[in-house]
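Me: I would like to learn how to read enclosed spaces and charged contacts in a protein model. Could you take me through them step by step, with the general idea given before each case?

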Amino acid sequence: MLDVPHEVVEHISWLIYARRCELNSRQRKLGCFRQALLVLVHLRKNETPAQLAAAFGVSTATAGRYVNETAGLLAEHAPSLHQALHKPPPEGFVILDGTLTATDRIRADEPYYSMKHRRHGMNVQVVAAPDGTPLWFSRALPGRTHDLTSPSLRPGAPPARAHGVIQACLSHQLLVLADRACQGAGATVRTPYYGHRDLPEHYQRYNRDHTRLRAPGERAFARLKQWRILRKARCSTNRIGRTVAAIHAIEIAWRSG
């Protein structure tokens with residue numbers, strides 16, 4: 001069973017059909033609807049190309065090609081950062097958070113090993129609306145991102161700075177609620193105070209309000225991790241960012257459908 005609305009499958013089918021018409025390549029082993037189903041099964045259930053090939057009656061190479069082709073097509077329809085912030089939330093602020101998408105890399109792949117999470121993965125940032133609706137997902141960076149930021153950035157700069165989130169929100173005059181990883185980012189970024197119980201009462205009250213307002217941002221990643229492909233990706237790390245963008249495009253079609 002695939003818990004995706006029929007309307008979403010049809011939407012992806014029409015995108016595939018339009019691309020086939022552009023390429024003048026309409027004769028395929030699977031029709032557009034079946035190709036859309038194959039890709040959704042892969043993303044939703046993390047089925048391998050071999051399993052997809054057996055289920056849909058195609059070769060493993062064909063199943064892999066369908067997945068790569070459709071994921072790239074969907075990723076093109078995911079909004080950019082500036083498109084996502086073009087119509088800012090009426091509340092006047094957004095939530096910035098990050099997560100680690102686990103991969104099956106071995107311990108020797110040092111750049112992908114996150115000491116915080118004690119596992120390999122790719123770092124993905126999200127800008128979410130106050131109600132937790134994701135507005136934009138970043139490209140995926142290696143799990144040890146803090147040690148691999150651009151030389152033009154200060155050592156230990158948060159991934160959000162590398163993606164341009166802080167500057168983009170400043171240009172749109174949007175308040176950004178982030179966790180302590182972004183402390184010292186400046187601009188319009190607001191983070192909790194350190195100290196907990198040692199802080200004055202009004203600082204503690206600020207931290208409680210900050211946590212309450214940021215809490216809905218967890219829904220963005222909770223929704224994202226319902227797609228099992230992102231619980232432990234078996235694909236190349238170069239494809240994870242595109243996969244996240246493809247899923248975001250699907251989620252937008254799902255919400256609007």
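Reply: Let us begin with a term that we shall need throughout: helices and strands are runs assigned by DSSP, with at least four residues for a helix and at least two for a strand, and they are numbered from the N terminus. Please keep in mind that this is a predicted model.

Me: How many cavities of 30 Å³ or more does a search of the whole structure find?

Reply: A cavity is a set of grid points where a 1.4 Å probe fits but cannot get out. In this structure the search finds two cavities of 30 Å³ or more, and the largest cavity holds about 50 Å³ of space.

Me: Which residues line the largest cavity, and which element gives the most to that lining?

Reply: The lining of the largest cavity consists of Ile16, Arg19, Arg20, Leu23, Arg28, Gln35, Glu69, Thr70 and Leu73. Helix α1 (6-23) and helix α4 (60-75) each contribute at least two residues to this lining, and α1 gives the most, with four residues. Sorted by class, the lining of the largest cavity has four charged, three nonpolar and two polar residues.

Me: What lines the second largest cavity, and which element supplies the largest share?

Reply: The second largest cavity, with a volume of about 30 Å³, is lined by Pro134, Phe137, Ala220, Arg223, Leu224, His248 and Glu251. Two or more residues of that lining come from each of β4 (134-137), α9 (218-224) and α10 (240-256), with the largest share, three residues, coming from α9. By class, the lining of the second largest cavity divides into four nonpolar, two charged and one polar.

Me: How does strand β4 pair with β3?

Reply: Strand β3 (residues 119-128) and β4 run antiparallel and are joined by three bridges; in one of the pairings, Val126 has Phe137 in β4 as its bridge partner, and Phe137 is also among the residues that line the second largest cavity. The two strands form a hairpin with five residues between them, and Gly132 in the turn has a positive phi of about 95°.

Me: How should I read a salt bridge, and how many are counted here?

Reply: The rule asks for a side-chain nitrogen of Lys or Arg within 4 Å of a carboxyl oxygen of Asp or Glu, and by this rule the count comes to eight. One of them joins Glu251 to Arg223, with the closest N and O atoms 2.7 Å apart. This pair links distant parts of the chain, since Glu251 lies in helix α10 and Arg223 in helix α9, 28 residues apart.

Me: Is Glu251 buried or exposed?

Reply: Buried means under 20% relative accessible area, so Glu251 counts as buried because its value is 5%. Its partner Arg223 is partly exposed, with a relative accessible area of 31%.

Me: Which salt bridge involves Arg19, a residue of the first lining we discussed?

Reply: The side chain of Arg19 meets that of Glu22 in a salt bridge, at 3.4 Å from N to O. Both residues lie in helix α1, three residues apart, which is about one turn of the helix. Exposed means over 50% relative accessible area, so Glu22, at 61%, counts as exposed, whereas Arg19, at 23%, is partly exposed. Arg19 and Glu22 are also linked with Glu76 in a network of salt bridges.

Key
Residues are numbered from 1 along each chain as its sequence is written. This is a predicted model: local features need pLDDT of at least 70, side-chain atom pairs count only at pLDDT 80 or more; totals for chains, interfaces and linings use all residues. Side-chain values use heavy atoms; hydrogens and water are left out. On a 1 Å grid over the protein atoms alone, a cavity is a set of points where a 1.4 Å probe fits but cannot get out, and a pocket is an open set with protein on both sides within 12 Å along at least five of seven lines; lining residues have an atom within 4 Å of a point. Grid points are joined across faces, edges and corners, and a volume is the space filled by probe spheres set on the points. Ala, Val, Leu, Ile, Met, Phe, Trp, Tyr, Cys and Pro count as nonpolar, Asp, Glu, Lys and Arg as charged, and the others, Gly among them, as polar. Two strands pair if DSSP finds at least two bridges between them. Buried means under 20% relative accessible area, exposed over 50%, partly exposed in between (1.4 Å probe, protein chains only).
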